[in-house]
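Notebook open. Two things to look up today: the empty space inside, and one of the chain contacts.

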Amino acid sequence: MDLRFEVDELYAEYIECLDDGDLERWPELFTEECLYKVVPRENFERGLPLALILCESRGMLRDRVEALRRTSVYAPRTLRHLISNIRIKAQEPDGMRVQANYAVLQTLNDEPTQVFNAGKYVDRVVRVAGRLKFKEKLCIFDSIVVPGSLVYPI
Amino acid sequence: MDLRFEVDELYAEYIECLDDGDLERWPELFTEECLYKVVPRENFERGLPLALILCESRGMLRDRVEALRRTSVYAPRTLRHLISNIRIKAQEPDGMRVQANYAVLQTLNDEPTQVFNAGKYVDRVVRVAGRLKFKEKLCIFDSIVVPGSLVYPI
Amino acid sequence: MDLRFEVDELYAEYIECLDDGDLERWPELFTEECLYKVVPRENFERGLPLALILCESRGMLRDRVEALRRTSVYAPRTLRHLISNIRIKAQEPDGMRVQANYAVLQTLNDEPTQVFNAGKYVDRVVRVAGRLKFKEKLCIFDSIVVPGSLVYPI
(Lines give C-alpha, C1' and ligand atoms only; values in the text may rest on other atoms or scores of the structure.)
Protein backbone atom coordinates (compact mmCIF):
# COMPACT_ATOMS: atom_id res chain seq x y z
CA MET A 1 0.00 0.00 0.00
CA ASP A 2 2.77 2.43 0.95
CA LEU A 3 4.55 1.46 -2.23
CA ARG A 4 1.45 2.12 -4.30
CA PHE A 5 1.22 5.53 -2.66
CA GLU A 6 4.86 6.27 -3.48
CA VAL A 7 4.28 5.27 -7.10
CA ASP A 8 1.28 7.60 -7.25
CA GLU A 9 3.48 10.41 -5.96
CA LEU A 10 6.13 9.74 -8.60
CA TYR A 11 3.54 10.01 -11.36
CA ALA A 12 1.99 13.10 -9.79
CA GLU A 13 5.37 14.81 -9.65
CA TYR A 14 6.13 13.78 -13.22
CA ILE A 15 2.88 15.35 -14.42
CA GLU A 16 3.38 18.45 -12.35
CA CYS A 17 6.77 19.18 -13.94
CA LEU A 18 5.29 18.94 -17.40
CA ASP A 19 2.02 20.81 -16.80
CA ASP A 20 3.68 23.61 -14.84
CA GLY A 21 6.36 24.00 -17.49
CA ASP A 22 9.04 23.12 -14.94
CA LEU A 23 10.88 21.05 -17.53
CA GLU A 24 14.25 21.25 -15.80
CA ARG A 25 12.89 19.05 -12.99
CA TRP A 26 11.67 16.43 -15.45
CA PRO A 27 14.99 14.59 -16.15
CA GLU A 28 15.62 14.35 -12.39
CA LEU A 29 12.78 11.84 -12.15
CA PHE A 30 14.77 9.39 -14.29
CA THR A 31 17.82 7.31 -13.43
CA GLU A 32 21.19 8.29 -14.93
CA GLU A 33 20.93 5.44 -17.42
CA CYS A 34 17.40 5.29 -18.67
CA LEU A 35 15.14 4.88 -21.64
CA TYR A 36 12.43 7.38 -22.58
CA LYS A 37 10.47 6.63 -25.69
CA VAL A 38 7.33 8.07 -27.26
CA VAL A 39 6.01 5.60 -29.79
CA PRO A 40 2.75 5.05 -31.71
CA ARG A 41 0.80 2.02 -30.55
CA GLU A 42 0.96 0.36 -33.92
CA ASN A 43 4.75 0.50 -34.06
CA PHE A 44 5.00 -0.78 -30.52
CA GLU A 45 2.73 -3.73 -31.18
CA ARG A 46 4.50 -4.69 -34.40
CA GLY A 47 7.90 -4.31 -32.80
CA LEU A 48 8.88 -1.53 -35.19
CA PRO A 49 11.71 0.61 -33.85
CA LEU A 50 10.49 4.03 -35.03
CA ALA A 51 9.82 6.45 -32.16
CA LEU A 52 8.80 10.11 -32.12
CA ILE A 53 11.06 10.80 -29.19
CA LEU A 54 13.90 8.58 -28.00
CA CYS A 55 16.30 9.39 -25.17
CA GLU A 56 18.71 6.85 -23.78
CA SER A 57 20.15 8.66 -20.77
CA ARG A 58 19.35 11.45 -18.35
CA GLY A 59 21.84 13.56 -20.26
CA MET A 60 19.78 13.20 -23.42
CA LEU A 61 16.65 14.19 -21.51
CA ARG A 62 18.47 17.33 -20.32
CA ASP A 63 19.60 18.07 -23.87
CA ARG A 64 16.03 17.84 -25.00
CA VAL A 65 14.90 20.32 -22.40
CA GLU A 66 17.76 22.64 -23.36
CA ALA A 67 16.72 22.46 -27.01
CA LEU A 68 13.09 23.20 -26.13
CA ARG A 69 14.14 26.22 -24.08
CA ARG A 70 16.28 27.61 -26.90
CA THR A 71 13.67 27.11 -29.60
CA SER A 72 10.88 29.58 -30.00
CA VAL A 73 9.15 28.37 -33.13
CA TYR A 74 6.44 26.57 -31.21
CA ALA A 75 3.22 28.36 -30.41
CA PRO A 76 2.73 28.72 -26.66
CA ARG A 77 0.50 26.02 -25.28
CA THR A 78 -0.74 24.65 -22.01
CA LEU A 79 -0.66 20.92 -21.44
CA ARG A 80 -2.84 19.16 -18.91
CA HIS A 81 -2.29 15.49 -18.11
CA LEU A 82 -4.88 13.14 -16.71
CA ILE A 83 -3.70 9.78 -15.45
CA SER A 84 -5.84 6.80 -14.58
CA ASN A 85 -5.39 3.13 -13.73
CA ILE A 86 -1.89 3.23 -12.30
CA ARG A 87 -0.99 -0.42 -11.72
CA ILE A 88 2.08 -2.14 -10.33
CA LYS A 89 2.15 -5.12 -12.68
CA ALA A 90 5.17 -6.96 -11.32
CA GLN A 91 8.15 -6.68 -9.02
CA GLU A 92 11.19 -7.90 -10.89
CA PRO A 93 14.93 -7.94 -10.12
CA ASP A 94 15.47 -4.92 -12.35
CA GLY A 95 12.57 -2.91 -10.94
CA MET A 96 8.82 -2.62 -10.83
CA ARG A 97 6.83 -2.76 -14.00
CA VAL A 98 4.17 -0.07 -13.73
CA GLN A 99 1.47 0.83 -16.23
CA ALA A 100 -1.06 3.65 -16.45
CA ASN A 101 -3.49 5.21 -18.91
CA TYR A 102 -2.94 8.84 -19.75
CA ALA A 103 -4.58 11.63 -21.70
CA VAL A 104 -3.00 14.96 -22.51
CA LEU A 105 -5.28 17.93 -23.12
CA GLN A 106 -3.77 20.85 -24.98
CA THR A 107 -4.76 24.49 -25.07
CA LEU A 108 -3.33 26.77 -27.71
CA ASN A 109 -3.75 30.52 -27.32
CA ASP A 110 -7.30 31.69 -27.96
CA GLU A 111 -8.46 28.17 -28.69
CA PRO A 112 -10.60 25.77 -26.70
CA THR A 113 -8.98 22.91 -24.82
CA GLN A 114 -8.70 19.74 -26.89
CA VAL A 115 -7.61 16.15 -26.52
CA PHE A 116 -4.05 16.18 -27.80
CA ASN A 117 -2.74 12.70 -27.12
CA ALA A 118 -3.84 9.63 -25.22
CA GLY A 119 -2.29 6.27 -24.56
CA LYS A 120 -0.53 4.11 -22.06
CA TYR A 121 2.62 4.44 -20.00
CA VAL A 122 4.60 1.19 -19.79
CA ASP A 123 7.32 1.91 -17.25
CA ARG A 124 10.06 0.40 -15.15
CA VAL A 125 10.56 2.06 -11.79
CA VAL A 126 13.53 1.56 -9.46
CA ARG A 127 14.63 2.97 -6.12
CA VAL A 128 17.77 5.13 -6.11
CA ALA A 129 19.05 6.55 -2.80
CA GLY A 130 15.62 6.05 -1.27
CA ARG A 131 13.59 7.67 -4.05
CA LEU A 132 11.61 6.08 -6.86
CA LYS A 133 12.76 6.96 -10.36
CA PHE A 134 11.93 5.93 -13.90
CA LYS A 135 14.48 3.59 -15.42
CA GLU A 136 12.28 3.10 -18.46
CA LYS A 137 9.29 5.08 -19.61
CA LEU A 138 7.47 4.14 -22.78
CA CYS A 139 4.64 6.45 -23.85
CA ILE A 140 2.60 4.37 -26.29
CA PHE A 141 0.06 6.65 -27.91
CA ASP A 142 -3.14 5.70 -29.69
CA SER A 143 -3.39 8.04 -32.64
CA ILE A 144 -0.80 8.41 -35.33
CA VAL A 145 -2.39 11.78 -36.08
CA VAL A 146 -0.65 14.23 -33.78
CA PRO A 147 -2.46 17.58 -33.80
CA GLY A 148 0.08 20.37 -34.21
CA SER A 149 3.35 18.84 -33.22
CA LEU A 150 4.57 16.64 -30.45
CA VAL A 151 7.52 18.54 -29.11
CA TYR A 152 7.03 18.50 -25.37
CA PRO A 153 7.49 15.30 -23.39
CA ILE A 154 4.36 13.25 -22.84
CA MET B 1 -8.31 1.38 3.13
CA ASP B 2 -7.27 -2.08 1.95
CA LEU B 3 -10.78 -2.54 0.59
CA ARG B 4 -10.60 0.74 -1.29
CA PHE B 5 -7.32 -0.43 -2.79
CA GLU B 6 -8.87 -3.73 -3.84
CA VAL B 7 -11.75 -1.88 -5.48
CA ASP B 8 -9.27 0.31 -7.36
CA GLU B 9 -7.54 -2.83 -8.60
CA LEU B 10 -10.83 -4.32 -9.83
CA TYR B 11 -11.56 -1.21 -11.87
CA ALA B 12 -8.01 -1.07 -13.16
CA GLU B 13 -8.21 -4.67 -14.33
CA TYR B 14 -11.61 -4.05 -15.90
CA ILE B 15 -10.21 -1.13 -17.89
CA GLU B 16 -7.09 -3.01 -18.86
CA CYS B 17 -9.09 -5.86 -20.43
CA LEU B 18 -11.06 -3.42 -22.55
CA ASP B 19 -8.22 -1.10 -23.57
CA ASP B 20 -5.82 -3.94 -24.37
CA GLY B 21 -8.50 -5.71 -26.40
CA ASP B 22 -8.31 -8.69 -24.05
CA LEU B 23 -12.08 -9.08 -24.20
CA GLU B 24 -12.08 -12.74 -23.17
CA ARG B 25 -10.93 -11.72 -19.69
CA TRP B 26 -13.74 -9.19 -19.33
CA PRO B 27 -16.63 -11.57 -18.39
CA GLU B 28 -14.41 -13.17 -15.73
CA LEU B 29 -14.64 -9.97 -13.69
CA PHE B 30 -18.38 -10.53 -13.24
CA THR B 31 -20.25 -13.04 -11.09
CA GLU B 32 -22.02 -15.94 -12.78
CA GLU B 33 -25.36 -14.23 -12.31
CA CYS B 34 -24.92 -10.58 -13.02
CA LEU B 35 -26.36 -7.53 -14.69
CA TYR B 36 -24.43 -5.42 -17.21
CA LYS B 37 -26.26 -2.51 -18.72
CA VAL B 38 -25.24 0.46 -20.85
CA VAL B 39 -27.98 3.05 -20.67
CA PRO B 40 -28.36 6.76 -21.55
CA ARG B 41 -28.61 9.03 -18.52
CA GLU B 42 -32.02 10.30 -19.49
CA ASN B 43 -33.51 6.82 -19.66
CA PHE B 44 -31.95 5.89 -16.36
CA GLU B 45 -33.28 8.97 -14.59
CA ARG B 46 -36.79 8.54 -15.99
CA GLY B 47 -36.78 4.84 -15.19
CA LEU B 48 -37.16 3.90 -18.86
CA PRO B 49 -36.04 0.35 -19.57
CA LEU B 50 -34.31 0.90 -22.92
CA ALA B 51 -30.61 0.03 -22.86
CA LEU B 52 -27.95 0.00 -25.58
CA ILE B 53 -26.40 -3.12 -24.15
CA LEU B 54 -28.04 -5.50 -21.68
CA CYS B 55 -26.53 -8.73 -20.41
CA GLU B 56 -28.05 -10.70 -17.56
CA SER B 57 -25.44 -13.38 -16.93
CA ARG B 58 -21.77 -14.09 -17.45
CA GLY B 59 -22.79 -16.38 -20.28
CA MET B 60 -24.40 -13.46 -22.09
CA LEU B 61 -21.23 -11.42 -21.61
CA ARG B 62 -19.23 -14.27 -23.17
CA ASP B 63 -21.68 -14.46 -26.07
CA ARG B 64 -21.22 -10.78 -26.66
CA VAL B 65 -17.45 -11.16 -26.82
CA GLU B 66 -17.85 -14.13 -29.19
CA ALA B 67 -20.09 -12.04 -31.45
CA LEU B 68 -17.60 -9.16 -31.46
CA ARG B 69 -14.78 -11.54 -32.40
CA ARG B 70 -16.72 -13.04 -35.29
CA THR B 71 -17.88 -9.73 -36.71
CA SER B 72 -15.56 -7.69 -38.84
CA VAL B 73 -17.77 -4.87 -40.00
CA TYR B 74 -16.47 -2.47 -37.39
CA ALA B 75 -13.55 -0.22 -38.23
CA PRO B 76 -10.54 -0.97 -36.03
CA ARG B 77 -10.35 1.39 -33.10
CA THR B 78 -8.43 1.95 -29.91
CA LEU B 79 -10.32 2.70 -26.72
CA ARG B 80 -8.76 4.41 -23.74
CA HIS B 81 -10.65 4.65 -20.46
CA LEU B 82 -10.06 7.25 -17.80
CA ILE B 83 -11.68 6.70 -14.43
CA SER B 84 -12.04 9.20 -11.64
CA ASN B 85 -13.84 9.52 -8.31
CA ILE B 86 -14.16 5.86 -7.42
CA ARG B 87 -16.32 5.83 -4.27
CA ILE B 88 -17.60 3.06 -2.05
CA LYS B 89 -21.05 4.47 -1.35
CA ALA B 90 -22.41 1.79 0.95
CA GLN B 91 -21.80 -1.70 2.28
CA GLU B 92 -25.04 -3.64 2.00
CA PRO B 93 -25.99 -7.29 2.57
CA ASP B 94 -25.93 -7.93 -1.18
CA GLY B 95 -22.61 -6.22 -1.78
CA MET B 96 -20.87 -2.87 -1.96
CA ARG B 97 -22.37 -0.08 -3.96
CA VAL B 98 -19.53 1.58 -5.84
CA GLN B 99 -19.66 4.56 -8.18
CA ALA B 100 -17.11 6.19 -10.46
CA ASN B 101 -16.92 8.74 -13.27
CA TYR B 102 -15.53 7.49 -16.55
CA ALA B 103 -14.55 8.83 -19.94
CA VAL B 104 -13.73 6.74 -22.98
CA LEU B 105 -11.46 8.22 -25.62
CA GLN B 106 -11.58 6.60 -29.04
CA THR B 107 -9.05 6.57 -31.83
CA LEU B 108 -10.06 5.42 -35.28
CA ASN B 109 -7.37 4.71 -37.84
CA ASP B 110 -5.70 7.83 -39.17
CA GLU B 111 -7.87 10.06 -37.01
CA PRO B 112 -7.10 12.08 -33.92
CA THR B 113 -8.18 10.80 -30.52
CA GLN B 114 -11.62 12.00 -29.50
CA VAL B 115 -13.97 11.83 -26.55
CA PHE B 116 -16.24 8.92 -27.38
CA ASN B 117 -18.39 8.44 -24.32
CA ALA B 118 -18.50 9.72 -20.76
CA GLY B 119 -20.68 8.98 -17.79
CA LYS B 120 -20.93 7.21 -14.50
CA TYR B 121 -20.54 3.63 -13.36
CA VAL B 122 -23.13 2.61 -10.77
CA ASP B 123 -22.01 -0.81 -9.62
CA ARG B 124 -22.55 -3.55 -7.09
CA VAL B 125 -19.41 -5.44 -6.11
CA VAL B 126 -19.26 -8.71 -4.19
CA ARG B 127 -16.52 -11.06 -3.05
CA VAL B 128 -16.45 -14.52 -4.63
CA ALA B 129 -13.82 -17.04 -3.51
CA GLY B 130 -11.71 -14.21 -2.15
CA ARG B 131 -11.84 -11.95 -5.21
CA LEU B 132 -13.97 -8.89 -5.89
CA LYS B 133 -16.32 -9.18 -8.86
CA PHE B 134 -19.07 -7.11 -10.41
CA LYS B 135 -22.55 -8.39 -9.64
CA GLU B 136 -24.09 -5.35 -11.28
CA LYS B 137 -22.52 -2.79 -13.55
CA LEU B 138 -24.56 0.06 -14.95
CA CYS B 139 -22.80 2.37 -17.39
CA ILE B 140 -24.94 5.49 -17.46
CA PHE B 141 -23.69 7.69 -20.26
CA ASP B 142 -24.24 11.41 -20.73
CA SER B 143 -24.78 11.89 -24.46
CA ILE B 144 -27.43 10.18 -26.51
CA VAL B 145 -25.28 10.96 -29.54
CA VAL B 146 -22.90 8.06 -29.85
CA PRO B 147 -20.18 8.84 -32.39
CA GLY B 148 -19.77 5.89 -34.75
CA SER B 149 -21.31 3.00 -32.91
CA LEU B 150 -21.19 1.66 -29.43
CA VAL B 151 -20.28 -1.95 -29.96
CA TYR B 152 -17.53 -2.59 -27.45
CA PRO B 153 -18.26 -2.75 -23.73
CA ILE B 154 -17.88 0.52 -21.86
CA MET C 1 -2.04 7.77 4.12
CA ASP C 2 -5.35 8.07 5.93
CA LEU C 3 -5.20 11.82 5.37
CA ARG C 4 -4.59 11.32 1.66
CA PHE C 5 -7.62 9.05 1.57
CA GLU C 6 -9.74 11.67 3.35
CA VAL C 7 -8.63 14.30 0.86
CA ASP C 8 -9.58 11.98 -2.01
CA GLU C 9 -13.03 11.59 -0.46
CA LEU C 10 -13.48 15.37 -0.16
CA TYR C 11 -12.73 15.80 -3.85
CA ALA C 12 -14.95 12.89 -4.79
CA GLU C 13 -17.85 14.36 -2.84
CA TYR C 14 -17.22 17.78 -4.38
CA ILE C 15 -17.41 16.31 -7.87
CA GLU C 16 -20.44 14.22 -7.08
CA CYS C 17 -22.45 17.28 -5.99
CA LEU C 18 -21.68 19.05 -9.24
CA ASP C 19 -22.10 16.12 -11.63
CA ASP C 20 -25.31 14.90 -10.01
CA GLY C 21 -26.74 18.41 -10.03
CA ASP C 22 -26.97 18.35 -6.24
CA LEU C 23 -25.82 21.96 -6.08
CA GLU C 24 -27.31 22.65 -2.65
CA ARG C 25 -24.74 20.31 -1.11
CA TRP C 26 -21.86 22.11 -2.80
CA PRO C 27 -21.49 25.11 -0.41
CA GLU C 28 -21.49 22.73 2.57
CA LEU C 29 -18.06 21.50 1.50
CA PHE C 30 -16.61 24.96 2.18
CA THR C 31 -15.89 26.71 5.47
CA GLU C 32 -18.13 29.62 6.53
CA GLU C 33 -15.45 32.08 5.52
CA CYS C 34 -13.91 30.93 2.30
CA LEU C 35 -12.67 31.92 -1.10
CA TYR C 36 -13.89 30.32 -4.32
CA LYS C 37 -12.46 31.66 -7.52
CA VAL C 38 -12.54 30.56 -11.15
CA VAL C 39 -9.78 32.32 -13.00
CA PRO C 40 -8.00 31.94 -16.37
CA ARG C 41 -4.44 30.69 -16.07
CA GLU C 42 -2.98 33.76 -17.69
CA ASN C 43 -4.61 36.12 -15.20
CA PHE C 44 -3.52 33.95 -12.31
CA GLU C 45 0.09 33.84 -13.48
CA ARG C 46 0.26 37.59 -14.09
CA GLY C 47 -1.43 38.34 -10.78
CA LEU C 48 -4.39 40.00 -12.52
CA PRO C 49 -7.47 40.12 -10.31
CA LEU C 50 -10.14 39.37 -12.93
CA ALA C 51 -12.09 36.17 -12.20
CA LEU C 52 -15.04 34.56 -13.94
CA ILE C 53 -16.55 33.54 -10.62
CA LEU C 54 -15.62 34.96 -7.24
CA CYS C 55 -17.29 34.05 -3.96
CA GLU C 56 -15.89 35.15 -0.62
CA SER C 57 -18.11 33.29 1.83
CA ARG C 58 -20.34 30.25 2.05
CA GLY C 59 -23.27 32.63 1.91
CA MET C 60 -22.15 33.85 -1.51
CA LEU C 61 -21.83 30.25 -2.69
CA ARG C 62 -25.41 29.63 -1.56
CA ASP C 63 -26.58 32.79 -3.35
CA ARG C 64 -24.95 31.54 -6.49
CA VAL C 65 -26.77 28.22 -6.29
CA GLU C 66 -30.05 30.06 -5.63
CA ALA C 67 -29.48 32.23 -8.69
CA LEU C 68 -28.73 29.18 -10.85
CA ARG C 69 -31.91 27.48 -9.65
CA ARG C 70 -34.05 30.51 -10.46
CA THR C 71 -32.57 31.12 -13.89
CA SER C 72 -33.74 29.07 -16.80
CA VAL C 73 -31.95 30.69 -19.70
CA TYR C 74 -29.23 28.07 -19.78
CA ALA C 75 -29.62 25.05 -22.01
CA PRO C 76 -29.72 21.85 -19.96
CA ARG C 77 -26.34 20.19 -19.81
CA THR C 78 -24.57 17.35 -18.11
CA LEU C 79 -21.16 17.95 -16.59
CA ARG C 80 -18.67 15.20 -15.90
CA HIS C 81 -15.51 15.91 -13.93
CA LEU C 82 -12.32 13.91 -14.11
CA ILE C 83 -9.69 14.56 -11.49
CA SER C 84 -6.11 13.40 -11.53
CA ASN C 85 -2.91 14.01 -9.60
CA ILE C 86 -4.36 15.01 -6.25
CA ARG C 87 -1.34 16.09 -4.17
CA ILE C 88 -0.97 17.35 -0.63
CA LYS C 89 1.72 19.94 -1.26
CA ALA C 90 2.24 21.24 2.26
CA GLN C 91 0.82 21.22 5.76
CA GLU C 92 0.74 24.80 7.00
CA PRO C 93 -0.70 26.49 10.10
CA ASP C 94 -3.71 27.69 8.13
CA GLY C 95 -4.39 24.37 6.45
CA MET C 96 -3.18 21.92 3.84
CA ARG C 97 -2.30 23.14 0.41
CA VAL C 98 -3.72 20.62 -2.04
CA GLN C 99 -3.50 20.64 -5.83
CA ALA C 100 -5.10 18.53 -8.54
CA ASN C 101 -5.59 18.51 -12.30
CA TYR C 102 -9.17 18.51 -13.53
CA ALA C 103 -11.09 18.24 -16.77
CA VAL C 104 -14.78 18.93 -17.17
CA LEU C 105 -16.61 17.22 -20.02
CA GLN C 106 -19.91 18.76 -21.06
CA THR C 107 -22.86 17.25 -22.86
CA LEU C 108 -25.56 19.50 -24.27
CA ASN C 109 -28.83 17.95 -25.40
CA ASP C 110 -28.52 15.97 -28.61
CA GLU C 111 -24.83 16.75 -28.89
CA PRO C 112 -21.76 14.61 -28.36
CA THR C 113 -19.75 14.94 -25.16
CA GLN C 114 -16.96 17.50 -25.42
CA VAL C 115 -14.09 18.83 -23.37
CA PHE C 116 -15.53 21.94 -21.74
CA ASN C 117 -12.84 23.14 -19.39
CA ALA C 118 -9.57 21.87 -17.98
CA GLY C 119 -7.10 23.20 -15.50
CA LYS C 120 -5.78 22.94 -12.00
CA TYR C 121 -7.31 23.21 -8.55
CA VAL C 122 -5.11 25.10 -6.11
CA ASP C 123 -6.81 24.65 -2.75
CA ARG C 124 -6.48 25.14 0.96
CA VAL C 125 -8.19 22.47 3.04
CA VAL C 126 -8.88 22.65 6.78
CA ARG C 127 -10.58 20.42 9.34
CA VAL C 128 -13.79 21.74 10.89
CA ALA C 129 -15.58 19.67 13.53
CA GLY C 130 -13.75 16.58 12.33
CA ARG C 131 -14.47 17.00 8.62
CA LEU C 132 -12.26 18.32 5.85
CA LYS C 133 -13.56 21.43 4.08
CA PHE C 134 -12.32 23.86 1.48
CA LYS C 135 -11.17 27.17 2.93
CA GLU C 136 -9.87 28.24 -0.46
CA LYS C 137 -10.51 26.79 -3.87
CA LEU C 138 -8.97 28.32 -6.95
CA CYS C 139 -9.98 26.79 -10.28
CA ILE C 140 -7.29 27.94 -12.69
CA PHE C 141 -8.40 27.03 -16.18
CA ASP C 142 -6.28 26.68 -19.30
CA SER C 143 -8.35 28.13 -22.13
CA ILE C 144 -9.75 31.63 -22.20
CA VAL C 145 -12.22 30.33 -24.79
CA VAL C 146 -15.14 29.01 -22.77
CA PRO C 147 -17.51 27.05 -25.02
CA GLY C 148 -21.08 28.14 -24.32
CA SER C 149 -20.94 29.79 -20.97
CA LEU C 150 -19.37 29.01 -17.67
CA VAL C 151 -22.29 29.29 -15.30
CA TYR C 152 -22.01 26.19 -13.15
CA PRO C 153 -19.24 25.84 -10.59
CA ILE C 154 -16.11 24.07 -11.79
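Entry one, the main cavity. I'm working from a predicted model. I asked which elements line the largest cavity, taking those that supply at least two residues each. They turn out to be α1 (2-19) and β3 (77-92) of chain A, along with α1 (2-19) and β3 (77-92) of chain B and α1 (2-19) and β3 (77-92) of chain C. The largest share of that lining, six residues, belongs to α1(C).

I then pulled the volume, which comes out at about 800 Å³ for this largest cavity. Its lining runs to 31 residues, and I noted those closest to the centre: Arg4(A), Asp8(A), Arg4(B), Asp8(B) and Asp8(C). By residue class I get 18 nonpolar, six polar and seven charged in the lining. For the whole structure, my list has nine cavities of 30 Å³ or more.

Entry two, chain B against chain C. How much area is buried between chain B and chain C? I get about 2000 Å², with carbon and sulfur atoms giving 51% of that. Chain B puts 20 residues into the contact and chain C puts in 24 residues.

Next I went for the polar side of things. The rule finds five salt bridges across this interface, and I wrote down one between the side chains of Lys120(B) and Asp20(C), at 2.8 Å, N to O. Polar contacts join 13 residue pairs across the interface of chain B and chain C.

Last, the chain B side that touches chain C. The elements giving two or more residues there are β3, β4 (95-108) and β5 (114-128) of chain B. β3(B) has the largest share, five residues. I sorted this side into eight nonpolar, six polar and six charged residues.

Conventions: Residues numbered from 1 in each chain as written. Chains lettered and ligands numbered in written order. Predicted model: local features only at pLDDT ≥ 70, side-chain atom pairs only at ≥ 80, totals over all residues. Heavy atoms only, no water. 1 Å grid on protein atoms, 1.4 Å probe; cavity = no way out; pocket = protein on both sides within 12 Å on 5 of 7 lines; lining within 4 Å. Points joined across faces, edges and corners; volume = space filled by probe spheres on them. Helix = DSSP H or I, 4+ residues; strand = E, 2+ residues; numbered from the N terminus. Nonpolar A, V, L, I, M, F, W, Y, C, P; charged D, E, K, R; others polar. Contact = heavy atoms within 4.5 Å. Buried area = accessible area lost by both parts, 1.4 Å probe. Salt bridge = Lys/Arg side-chain N within 4 Å of Asp/Glu carboxyl O. Polar contact = N/O pair within 3.5 Å; in protein donor to acceptor, adjacent residues only side chain to side chain.
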